[in-house]
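Please open the model in your viewer and keep the selection panel at hand. The tour moves from one selection to the next and says what is found at each stop.

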Number of protein chains: 2
Amino acid sequence: MQSSSSEQATDIDSCAAKVVNPERVAVVRSRMPSETDLVDTADIFGLLADPRRLSLLLALLEGELCVCDLAVVSGLSESAASHALRLLRAHRVVSVRRAGRMAYYRLDDAHVRMLLDLAVAHTEHTDAIHPERDES
Amino acid sequence: MQSSSSEQATDIDSCAAKVVNPERVAVVRSRMPSETDLVDTADIFGLLADPRRLSLLLALLEGELCVCDLAVVSGLSESAASHALRLLRAHRVVSVRRAGRMAYYRLDDAHVRMLLDLAVAHTEHTDAIHPERDES
DNA sequence: TCAACATCTGTTCATTTGCTCATACGTTGA
DNA sequence: TCAACGTATGAGCAAATGAACAGATGTTGA
């Protein structure tokens with residue numbers, strides 16, 4: 001990050017660059033991950049942001065499964081499941097083991113596994129969360 | 001998915017109904033969250049799946065900030081920031097405190113906070129993850 | 001050899017998403 | 001009172017996304 005530790009160093013940005021609390025902004029900025037990290041992280045979250053893909057990954061928490069079974073479990077067509085798995089594979093979230101004409105997928109990302117575990121844990125505890133209501 | 005009148009009326013219709021490993025499928029299915037939970041969880045992940053929105057939320061890890069400062073920190077226009085915050089507000093991820101013509105937002109979801117903390121921790125450790133390369 | 005099989009892939013299409021612009025709202029100080 | 005200000009909102013548009021369909025590839029057993 002730039003913002004080299006001067007008190008009033010944050011008038012850099014053009015546009016409506018009016019900062020109300022320059023110190024806080026400077027601190028927050030210094031702790032903000034790089035753009036690349038932001039994009040990568042958002043990317044990972046994006047992979048978990050689809051119910052079908054999510055169920056695919058949750059199914060793999062237990063161990064490897066073939067495309068066919070994954071399709072059944074996740075409620076996807078086999079083609080759609082294959083597409084989804086290809087996406088996840090491209091992002092190194094899952095890996096394949098091929099055995100003849102079968103393809104067995106498994107979770108291959110410890111980070112994602114933690115996120116999934118956390119999500120499941122929260123799901124089990126909190127059953128009465130209703131997003132999408134409205135704003136104040 | 002409705003292959004009717006196939007020439008070969010051999011086994012079940014189409015391909016969606018054949019399970020390779022029935023036991024595993026049964027187990028996985030029994031542990032699979034409800035459709036509602038899947039959608040809700042995917043929804044939350046979806047909120048974190050955008051780099052700008054993510055930086056908005058990361059900025060709030062430290063404490064509350066006004067829309068203006070959030071816009072600067074996240075690199076969004078003030079209008080875009082307001083739109084994003086509205087979305088997050090609708091999902092109870094952030095809450096507002098109004099003081100005069102200012103609006104101070106804060107993180108208001110422990111679950112999301114955990115996810116963000118986890119993401120940041122992983123970001124700091126793993127700097128060399130390059131998704132989107134290709135598949136085996 | 002052939003045919004059934006499990007999976008993979010490209011294309012097309014409708015929906016969703018996130019932004020900008022213009023504008024409206026409530027607050028503040030002159 | 002009024003104008004500048006901080007924020008909120010709706011419309012509209014371009015880009016990204018997810019699903020279906022058709023077809024391709026490599027594998028197995030007869």
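Begin by selecting Gly100(A), which takes a positive phi near 65 degrees in the hairpin of E2(A) and E3(A), where two residues lie between the strands. Helices and strands here are DSSP runs, numbered from the N terminus, with H or I of at least four residues for a helix and E of at least two for a strand. This is a predicted model, in which local features need pLDDT of at least 70 and side-chain atom pairs count only at pLDDT 80 or more, while totals for chains, interfaces and linings use all residues. Residues are numbered from 1 along each chain as its sequence is written, and chains are lettered from A and ligands numbered from 1 in the order in which they are written.

Next, extend the selection to both strands of the hairpin: strand E2 (residues 94-99) of chain A runs antiparallel to E3(A) and is joined to it by six bridges, and two strands count as paired if DSSP finds at least two bridges between them. Within this pair, Ser95(A) has Arg106(A) as its bridge partner in E3(A). Add strand E1 (residues 65-66) of chain A, which pairs with strand E3 (residues 102-107) of chain A in the antiparallel sense over two bridges; here Leu65(A) is partnered by Tyr105(A).

Now select DNA strand C and the 27 residues around it, of which Cys66(A), Val67(A), Cys68(A), Ser77(B) and Gly100(B) come nearest; a residue is near a strand if its C-beta atom, placed from the backbone, lies within 6 Å of it. Two or more residues of this surface are given by each of helix H4 (67-74), helix H5 (78-90) and E3 of chain A, together with H5 of chain B. H5(A) provides the largest share, six residues.

Turn then to DNA strand D, which 26 residues surround, the closest being Gly100(A), Cys66(B), Val67(B), Cys68(B) and Ala103(B). For this surface, the elements that give two or more residues are H5 of chain A and, from chain B, H4, H5 and strand E3 (102-107). The largest share, six residues, comes from H5(B).

Finally, select the two protein chains together: 59 residues of chain B are in contact with 62 residues of chain A, contact meaning that the C-beta atoms of two residues, placed from the backbone, lie within 7 Å. On the side of chain B that touches chain A, H2(B) gives the most, with nine residues.
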